Amino acid sequence: MAAPNIDTIVSLAKRRGFVFPSSEVYGGLGSAWDYGPLGVELCNNVKQSWWRWLVYERDDIDGIDSSIILNRLVWKYSGHEATFNDWLIDCRKCKGRFRADKIVDNKCPSCGASDWTEARPFNTMLQTKLGAVADDDPTALAYLRPETAQGIFINFMNVQTTMRRKLPFGIAQVGKSFRNEVTPGNFILRTREFEQMEMEYFVSPSAEHSKLVDYWVEQYLEWFGSLGISRENLYLYEVPGEELAHYSKRTVDIMYRYFPEREKPWEELMGIAWRTDFDLSTHSKNKLDEEGKRVNPDSTEDLSYFDEPTKQRFYPHVIEPAAGVNRTVLAVLMDAYSERTNDKGETRVILKLSPQLAPIKAAILPLAKNKPEIVGMAKAIKRSLQPLLRAVYDDTGGIGKLYARQDEIGTPFCITVDHQSLEDEAVTVRDRDTWEQERIKITDLAEQLQKRLKPYPVAPPPEPI
Ligand code: ATP
């Protein structure tokens, strides 16, 4: 089973220290969220899994970390200054303001009326000013990046030459992006500050681009599966031509069932776009338009690529899988949510997180906290496991309560130290999903746990197309 709705996760996340509403001591800040002690671990584990899967386990992708604030000209030539707009409409009855493409059945979500103003564009890039300048100095204007991708494009040549890459190859980046969303909401699904995991896969202009989009869709379905997200909660949406971004010839969105309680349950988890050669050529000094004029008179570089086998120079095309960390975390939490009734008829929440994502891998619990030998042994086990995996020591309640708490935060193993442990040098290991208990020698513990904590495998990548 998965969570019945997002609200169930909001309350679990706050109760157990995954995600808190931001700035709560000042009444909050609409749609901003802070990640707590368990949330930060979960986010890190998602990012690490992604990085390991793309950058370490494949041979054709490098990682970078570019600036959040880039030269404003990047956003001029990428087209974001002119076109990174949401279309706004106002309800004439209640004066509410909404994103035109998110209105269902032409009805105002606040008052139900259908009397709208004309749609008008609103640029969603967040602005800031650089340096100690006058408020109205236009040369100081800068943007917080709305996507991490542009930082990759402007570093294409740096990476290609320093890493001696030949096509096809990819560049991956994970980091914060910012969008002045008109109607943020639904917990961490849509916020103004969020984190992206983007990869630009550079290929020849004669490659089979549409097949490559399908290839990356399949790869990501595999990866989401390895995070424990079940396939039936994912849905592929072929973005129709009129909805494509200005740079895209084909985009497939992977949608997740974020709203199982609604008639329309799907919302975008990530998108896989064929961005053509738009970005590399638009940032290049040598690209000419139809009239023979330079497309970009400000650029000092040419981001074209010389293909040795064909002796041709061209701007590579790009396939871009762009995923959100926060939306992945929400999907993972919703999918992992389950309930189980114990012998006493009490319903318990169990978060069946994939072991690689669980914030805490093992909790060491002393059965008697007033017995120094037991406490000492439990703490020593925690210390010995810590270099290998994230472990915690907890003696803040009775054993039933401690088990329930660890189940609810998705800890795969609880390790109980009891009186007998002092004699037989063994502990009880309890499995989160089955609640089965097993006695294991302390000397075998680390090896046993590591074996059981192995990530779900991702199928190896097929031969490149
Ligand atoms: P939407 O249509 O939902 O606004 P988008 O199509 O504009 O999303 P992309 O530009 O494709 O989104 O960004 C890639 C990914 O970044 C999205 O699939 C999503 O996971 C994440 N993302 C985008 N905007 C937000 C946001 N405001 N809050 C959280 N994650 C976001």
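Guide: Welcome! A polar contact is a pair of N or O atoms within 3.5 Å. Please keep in mind that this is a predicted model.

Visitor: What makes the pair between the ligand and arginine 327 a polar contact?

Guide: An oxygen atom of the ligand is 3.1 Å from an N or O atom in the side chain of arginine 327. That value is within 3.5 Å, so the pair counts as a polar contact.

Visitor: How do you know that glutamate 181 and glutamate 268 make polar contacts with the ligand too?

Guide: By the same cut-off of 3.5 Å. For glutamate 181, a side-chain N or O atom lies 2.7 Å from a nitrogen atom of the ligand. For glutamate 268, the partner is an oxygen atom of the ligand, at 2.6 Å. Both values are within 3.5 Å, so both pairs qualify. Of the 590 Å² of accessible area that the ligand has on its own, the protein covers 85%.

Visitor: Which residues and strands surround the ligand?

Guide: The shell holds 16 residues, and the closest are Glu181, Arg190, Thr191, Glu268 and Leu269. Strands S10 (193–203), S13 (266–276) and S16 (317–324) each supply at least two shell residues. S13 gives the most, with four residues. By kind, the shell divides into six nonpolar, four polar and six charged residues.

Visitor: Why are helices H2 and H7 called oblique?

Guide: The axes of H2 (residues 37–56) and H7 (residues 209–226) come within 12 Å and cross at roughly 135°. Roughly antiparallel needs an angle over 145 degrees, and roughly perpendicular runs from 65 to 115. The angle of roughly 135° fits neither, so H2 and H7 are oblique to each other. Their crossing is right-handed.

Visitor: And what makes H10 and H13 oblique?

Guide: The axes of H10 (residues 372–385) and H13 (residues 442–452) come within 11 Å and cross at roughly 40°. Roughly parallel requires an angle under 35 degrees, so H10 is oblique to H13. The crossing of H10 and H13 is right-handed.

Visitor: Why point out proline 168 and lysine 95?

Guide: Most residues other than glycine have a negative phi, and most peptide bonds are trans. The peptide bond from leucine 167 to proline 168 is cis, with omega near -5°. Proline 168 sits in the loop between helix H6 (156–162) and strand S9 (169–178). Lysine 95 is not a glycine, yet has a positive phi of about 70°. Look for lysine 95 in the loop between strand S4 (85–90) and strand S5 (97–99).

Definitions and conventions: Residues are numbered from 1 along each chain as its sequence is written. This is a predicted model: local features need pLDDT of at least 70, side-chain atom pairs count only at pLDDT 80 or more; totals for chains, interfaces and linings use all residues. Side-chain values use heavy atoms; hydrogens and water are left out. A residue is near a molecule or strand if one of its heavy atoms lies within 4 Å of it. A polar contact is a pair of N or O atoms within 3.5 Å; within protein, one must be able to donate a hydrogen and the other to accept it, and residues adjacent in sequence count only if both atoms are side-chain atoms. Accessible areas come from the Shrake-Rupley method with a 1.4 Å probe; for residues, only the protein chains shown count as cover. Ala, Val, Leu, Ile, Met, Phe, Trp, Tyr, Cys and Pro count as nonpolar, Asp, Glu, Lys and Arg as charged, and the others, Gly among them, as polar. Axes are lines fitted to C-alpha atoms, for helices over the stretch in contact, and angles run from 0 to 180 degrees between N-to-C directions. A crossing is left-handed if the near helix is turned anticlockwise from the far one by less than a right angle, and right-handed if clockwise.
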